[in-house]
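Please take a moment to look over the sequence and the model, and then follow the paragraphs below from one part of the fold to the next.

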Amino acid sequence: MDALDIIASVLVLGIIVVSLLSNVVVLICFLYNPEIRKQVPGLFILNLTFCNLLLSVSSMPLTLVGLITGGYPEGSGFCQFVGFLDTFVTTNSMLSMAALSIDRWVAVVFPLNYHSRIRHRDAVVALAYTWIHSLCFSTVATCRSWVGYHRLYASCTLCNIRANGAGTQFTIFTVALHSLTFLLTLIVLCVTYLKVLKVARFHCKRIDVITMQTLVLLVDFHPSVRQKCLDEQRRRRQRATKKISTFIGTFVVCFTPYVITRIVELFSSGTISPHWGVLSKCLAYSKAASDPFVYSLLRHQYRKTCNLLANKVLKRSPLNSSSSLRMESCAARSANNSNNTNNNQQ
């Protein structure tokens, strides 16, 4: 192992740990909070969490083993099974992200008709399509023996070396796979989230107009209060842009290098650096570690559930913790007041 392989191994190990911990926390929050289970997006998040956990315990560890040992026995049935899971899970997770973006678009653009347009039955139908779509591609690749250990990515995945006798068919299959998963999901994400951003900016402008009219009428406001209103106005405009950029940006950064490398590998006669192949695969793996934070753990409902679980594990109630903090602050204030009184008497 050279220095780059050691760095890649440490990176994969870190991704495995973060992905397992964060996705397990999301799963616990889903099982603990009935309000999250009642929501339609919760089904998509549950499916995405399942895919991330499956990827973290199947394909990622074998990539780590491949980096440490320098290879994996080719032709192994277990490696082909892991390659099947890798194709299935990656495709399923991408389509789940597309379903989440459509759900957010309907919720923002049609808020009054959301519950009639998106129901649990519709979510189940969408999830059924993602599973059928993913199973079709992964099953075809496995039946054609196109999955195995790929040294370029140090993982059990689609392997063009195993498809030497069916070069044209493998090329068509790979292009169709990435077009109907990565490209389709990217288009859906861009269209839906940009429409959500447009609506959010429109509402921000309406709020800004009301805020400016209020500031003009209430001339007795203190300058600090006026500045706070303007700062909140600016943060409100930036908040929606940051969220949309995070949703689209993480998808593009994590999956684009891997997909482009796959396409270049098909049509280029030159050799691709194995270090770049492993790096692109690690970026694709990192999406499984970032999804819990992007879609779940940074939301107020999940953070509240995590706090409740933490208080339950530590055997303390939120009221007791907050009351103890109030008592400590009151004691500190009384001590300061007594010190000030003593100083004045002296």
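Two residues are said to be in contact when heavy atoms lie within 4.5 Å, and it is in this sense that the packing of a helix on its surroundings is described here. The model is a predicted one, and a good place to enter it is helix α4, which covers residues 59-69. Its buried residues are Ser59, Met60, Leu62, Thr63, Leu64, Gly66 and Leu67, and they pack against the helices α1 (3-32), α3 (41-57), α5 (77-109) and α10 (274-297), as well as against the strands β1 (147-150) and β2 (155-158). Just after α4 comes Gly70, whose phi is positive, at about 85 degrees.

The two strands that α4 packs against also belong together, for β1 and β2 run antiparallel and are joined by four bridges. In this pairing His150 stands opposite Ser155 of β2. The strands form a hairpin with four residues between them, and in the turn Ala154 has a positive phi of about 50 degrees.

Strand β2 leads on to the cysteines. The model has one disulfide, formed by Cys79 and Cys156, with their sulfur atoms 2.0 Å apart. Because Cys79 lies in helix α5 and Cys156 in strand β2, the pair ties together parts that are 77 residues apart in sequence. The torsion about the S-S bond of Cys79 and Cys156 is about -110 degrees, and the disulfide is therefore left-handed. Both Cys79 and Cys156 are buried. Is Cys143 buried or exposed? Residues over 50% relative accessible area count as exposed, so Cys143, at 64% relative accessibility, is exposed, whereas Cys282, with a relative accessible area of 3%, is buried.

From the cysteines we can turn to the spaces between the elements. The largest pocket has a volume of about 880 Å³ and is lined by 32 residues, of which Arg104, Lys243, Phe247, Tyr295 and Arg299 lie nearest its centre. The elements that give two or more residues to this lining are α3, α5, α6 (114-117), α8 (167-217), α9 (223-267) and α10, and the largest share, eight residues, comes from α9. Sorted by class, the lining of the largest pocket holds 18 nonpolar, five polar and nine charged residues.

Apart from pockets, the model holds three cavities of 30 Å³ or more. The largest cavity encloses about 160 Å³ of space, and among its 15 lining residues Thr87, Thr90, Leu177, His178 and Tyr258 lie nearest the centre. Two or more lining residues come from each of α5, β2, α8 and α9, with α5 giving the largest share, five residues. The lining of the largest cavity divides into six nonpolar, six polar and three charged residues.

The second largest cavity contains about 100 Å³ of space, and of the 14 residues that line this cavity, the closest to its centre are Leu55, Thr90, Phe255, Ala284 and Tyr285. Which elements each supply at least two residues of the lining of the second largest cavity? They are α3, α5, α9 and α10, and α10 gives the most, with six residues. In this lining there are seven nonpolar, three polar and four charged residues.

Methods. Residues numbered from 1 in each chain as written. Predicted model: local features only at pLDDT ≥ 70, side-chain atom pairs only at ≥ 80, totals over all residues. Heavy atoms only, no water. Buried < 20%, exposed > 50% of the residue type's maximum accessible area, 1.4 Å probe, protein only. 1 Å grid on protein atoms, 1.4 Å probe; cavity = no way out; pocket = protein on both sides within 12 Å on 5 of 7 lines; lining within 4 Å. Points joined across faces, edges and corners; volume = space filled by probe spheres on them. Nonpolar A, V, L, I, M, F, W, Y, C, P; charged D, E, K, R; others polar. Pairing = 2+ DSSP bridges. Disulfide = S-S within 2.5 Å.
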